[in-house]
Amino acid sequence: MQEKWLPVWDEIAPFRSGRPDDERPTKYVLDMFPYPSGDLHMGHAEAYALGDVIARYWVQRGFNVLHPIGWDSFGLPAENAAIKRGVDPAGWTDDNIAQQKASMRRYACSFDWDRVLQTSSPEYYRWNQWLFLRMFEQGLAYRKDSAVNWCPNDQTVLANEQVVQGRCERCDAVVTKKKLTQWYLRITQYADRLLDDMQQLEGNWPDKVLLMQRNWIGRSTGAEVRFEIEGRDEPVTVYTTRPDTLFGATFFVVAADSDLAAELAAGTPAQGEFEAYLEQVKAISEIDRLSTDRPKTGVFLQRHAVNPVNGERIPIYAADYVLADYGTGAIMAVPAHDQRDWDFAKAFGLPIVTVVQPPADWPGDEAYAGDGVAVSSGFLDGLRKADAIARMVEWLEEKGLGTGAVNYRLRDWLISRQRYWGTPIPIIHCPSCGEVPVPDDQLPVALPPAAGLDLKPKGTSPLGGAEDWVNVACPTCGGAATRDTDTMDTFVDSSWYFLRYLDPSKTDGPFDVDAAKRWMPVDQYVGGVTHAILHLLYSRFFTKVLFDMGMVEFTEPFTRLLNQGMVVMNGSAMSKSRGNLVRLSDELAEHGVDAVRLTMVFAGPPEDDIDWADVSPSGAKKFLSRAWRLSGDVTSEPGVDVTAGDTALRRATAKAVDEATKAVESHRFNVAVAKTMELVNAARKAIDSGPGGGDPAVREAAEAVAVMLSLVAPYTAEEMWSRLGHDPSVFLAGWPVADEALLVDESVTCIVQVAGKVRDRLEVPPSISEDELRELALAAPGVVKALEGRGIRTVIVRAPKLVNIVPA
RNA sequence: GCCCCGAUAGCCCAACCGGCAGAGGCAGUGGUCUCAAACACCAUCCAGUGUGGGUUCGAAUCCCACUCGGGGCACCA
């Protein structure tokens, strides 16, 4: 069947979305683009089957649907594979893309093949560079020197987001810290908008994803407070969410790995001890550092700060439980009301002063962080937490000692990577002019050929080895200068690709601004929950930057988001090492494309994982042939007057169509399939033991089945459509419309309960009045019997479906 | 440790606003067809909704507590 229909579909191109005279309303359905690391696998098969249902549904509903695909083709896996096999990453990547593309076509995805893109092509990454330069101009892209996450295995830096539990997200190596000068994107400048604009997504994105994004951004409100330091001209500012506990601050802690700590320790008797401690801190892996039950360590720096509210001298410690890159890298410690400070105070024998009254039954063996009345706090005494915070901020601002402040967990996005297979950063370093952007008309800064370069990870970018490429004249002064040798994080590529699809071959800009007005934002995005934070957050950030640049008119790129689950085998993720890998190609060979797709869609709700051991592709295949046989048993001609058909079957058809429609729109695709199965069963019955295959209602049902199946099983549906006497393609046949009149039942079965138990049933017209129904119910034999002369307390009537009689 | 989600038949899953627990499928059983088998078709078995309370005329559905499973966050001051 594949050989038969693929060329026909190529001819018709039912899913081409770029026709200029197309007057259908538009929809943009987007599947997350794949990484070309090999052939498609089961996970792809699930994701694309689900995206396809949505895209094909809207086409059937008469929309001009943009459903594009491309490849996220830059990145470490390609490079690592290329190194291992000693081949060029470009060639390797292109081979995989060709293979995946062929598989997608066989899998009959409704992609618009006129809009394909791949991020590793210079025509694409040129615009990464262009966007980077626009951000550079606005100060949104900048270079800074700091301790960064370093993956010793991949020999490259990682964004905060790519460190999971202290390990490299990709290779699981334990991440270390390294001091480097790196490029960052100032995403923190958009933190508030990233948070607040989530309102638009509420209800349309999974709650889970919104929650994860909120947590990731981690906005907290509090105050910055200035502490005088003895023997230092400048005060040191700390950030706290609990300014109401300022009277309870009994010591002061600076992050051991901060510059401030080194400065404060310098020249004190504690310097030697501090330096030894710092060495020790650096030696601890991120993993150990992150473990929360680790005992508190630190060094007294032999210096003191002054608590601004009461003038008390408090000792300054350097410790590693304070983070250098959050807030100001220094804190006021209030052991009575912060568990970490409590633990530290206990370890170092520091005083603990209660300034918020805990409840009477508080055991007092740990910090009390809850609400309560302020005590021993001067002007705050008697105020509850919220009021005390407000009062303290007011007081600090009056005295010029501090101010209300907001902080974020979110850090700026580190985008430099010391690897080859990525977008070169379009900056030239000139000894006299500094960081000079590559002029737009010299873009793209193309990657030098991999041949001759040492791609093996060694801590510096392989591009540094391409001397002809690195050494250039400074665009500003013409003097000898060098190119930046780092490449961009591949998440840059995927942060705006959805815009590039609008005109993937555009040469005078990253995307077609007018087309964006027509198509964007994406109506439905489909992809795995693995990208819940990274990719989605970055895409949202880029969209807001583009909005500020006036290039787009919306602030959120993806209106609705569907996260499909994973395909697992026997309860766990498939992997070669586990030996539970199911190969997509094997499944396709055994059951066929339609059966595999149907299995994916029918397995359960799309967001649930599919355990391949629990589902039945052979069952799916059986159903498809059952549906297909229907089309052969229809003996009436196309266009026959269906209103003359058997009413019972017509009702069944209307009901199935109606319910399947609702199910598809609410993404309960498994239910939509079940309704289609139901209709097939009803039609079968009508043919074998009802009015027979010649009845027009049977044709109506079979045609509805063909169209409904076209979302999931395109080959079978097209074959059915053809056997039913129609020209291709069933994809454009139009979604069946349920006749409203047929949806109203002639009579309804009314349940009559006595004390909540069903005692009788009545066949009543749907329009029956409450009073009428009450009377009928009270007279029903089952009711009379159940009551046995008992009195009646209440009768609850829910016409026309239910009556509940409560006996006295 | 904190937060979120889930638990319905042997299995995967349905069940609208609280109203007959079953739409669909897998597996099973019995039958029709067949020389026989497969296929196909027909029929049929199977749970009272994780546990314990509560609200209600009525709870799978709402509330509380717990158990188990999955996920997220985790020295962010």
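Two bridges join strand 26 (residues 567–569) to strand 27, and the two strands run antiparallel. Within this pair, M569 sits opposite S572 of strand 27. The pair belongs to an open sheet of three strands, ordered 27-26-28, with mixed pairing. Strand 27 (572–573) and strand 28 (610–611) take the edges; each has a single partner strand, so one side of each has no neighbour in the sheet. As with everything that follows, this comes from a predicted model.

Stepping back to the whole chain, chain A has 808 residues, and 54% of them count as buried. Its secondary structure adds up to 27 helices and 32 strands. Along the principal axes, the C-alpha atoms of chain A fill a box of roughly 100 × 85 × 50 Å. Of the contacts in chain A with a separation of 6 or more, 72% are between residues 24 or more positions apart.

A second open sheet has four strands in the order 2-1-24-25, paired in parallel. From one strand to the next, the twist averages 20°. At the edges stand strand 2 (64–66) and strand 25 (558–564), and since each has just a single partner strand, one side of each is left without a neighbour in the sheet. Strand 25 is paired with strand 24 (residues 522–528) in the parallel sense, over six bridges. One of the residue pairings here puts V526 with L562 of strand 25 as its bridge partner.

Further along the chain comes strand 29 (residues 748–754), where five of the seven residues are buried, so the strand is largely enclosed by the rest of the structure. C750 is buried, with a relative accessible area of 0%. Strand 29 pairs with strand 30 (residues 757–764) in the antiparallel sense, and seven bridges hold the pairing. Q753 stands opposite V758 of strand 30. The hairpin of strand 29 and strand 30 has two residues between the strands, and A755 there takes a positive phi near 55°. Strand 29 also pairs with strand 32 (residues 802–807), this time in the parallel sense and over four bridges. In that pairing, V752 has V803 of strand 32 as its bridge partner.

On the helical side, helix 18 (residues 584–591) and helix 20 (residues 617–633) have axes that come within 10 Å and cross at roughly 35°. The crossing of helix 18 past helix 20 is right-handed. Helix 18 brings E587, E590 and H591 to the contact, while helix 20 brings P617, S618 and K621. Sorted by type, the residues of this contact come out as one nonpolar, two polar and three charged.

R651 is another residue worth a look, and it lies in helix 21 (residues 647–665). Is R651 buried or exposed? R651 counts as buried because its relative accessibility is 19%, and the cut-off is under 20%. Leaving out residues up to four places away in sequence, R651 touches A741, L742, V744, D745 and E746.

G222, found in strand 10 (residues 220–229), is buried too, with a relative accessible area of 12%. Which residues does G222 touch, not counting those up to four places away in sequence? They are Y239, T240, T241, T403, G404 and A405. G222 also lies 9.3 Å from A390, C-alpha to C-alpha, although the two are 168 residues apart in sequence.

As for the cysteines, the structure holds zero disulfides. C474 is in no disulfide, and the nearest cysteine sulfur, that of C430, is 3.6 Å away. A disulfide calls for cysteine sulfur atoms within 2.5 Å, so the 3.6 Å between the sulfurs of C474 and C430 does not qualify. C474 itself counts as buried, at 3% relative accessibility.

Terms used:
Residues are numbered from 1 along each chain as its sequence is written. Chains are lettered from A and ligands numbered from 1 in the order in which they are written. This is a predicted model: local features need pLDDT of at least 70, side-chain atom pairs count only at pLDDT 80 or more; totals for chains, interfaces and linings use all residues. Side-chain values use heavy atoms; hydrogens and water are left out. Axes are lines fitted to C-alpha atoms, for helices over the stretch in contact, and angles run from 0 to 180 degrees between N-to-C directions. A crossing is left-handed if the near helix is turned anticlockwise from the far one by less than a right angle, and right-handed if clockwise. Contact means heavy atoms within 4.5 Å. Ala, Val, Leu, Ile, Met, Phe, Trp, Tyr, Cys and Pro count as nonpolar, Asp, Glu, Lys and Arg as charged, and the others, Gly among them, as polar. Two strands pair if DSSP finds at least two bridges between them. Buried means under 20% relative accessible area, exposed over 50%, partly exposed in between (1.4 Å probe, protein chains only).
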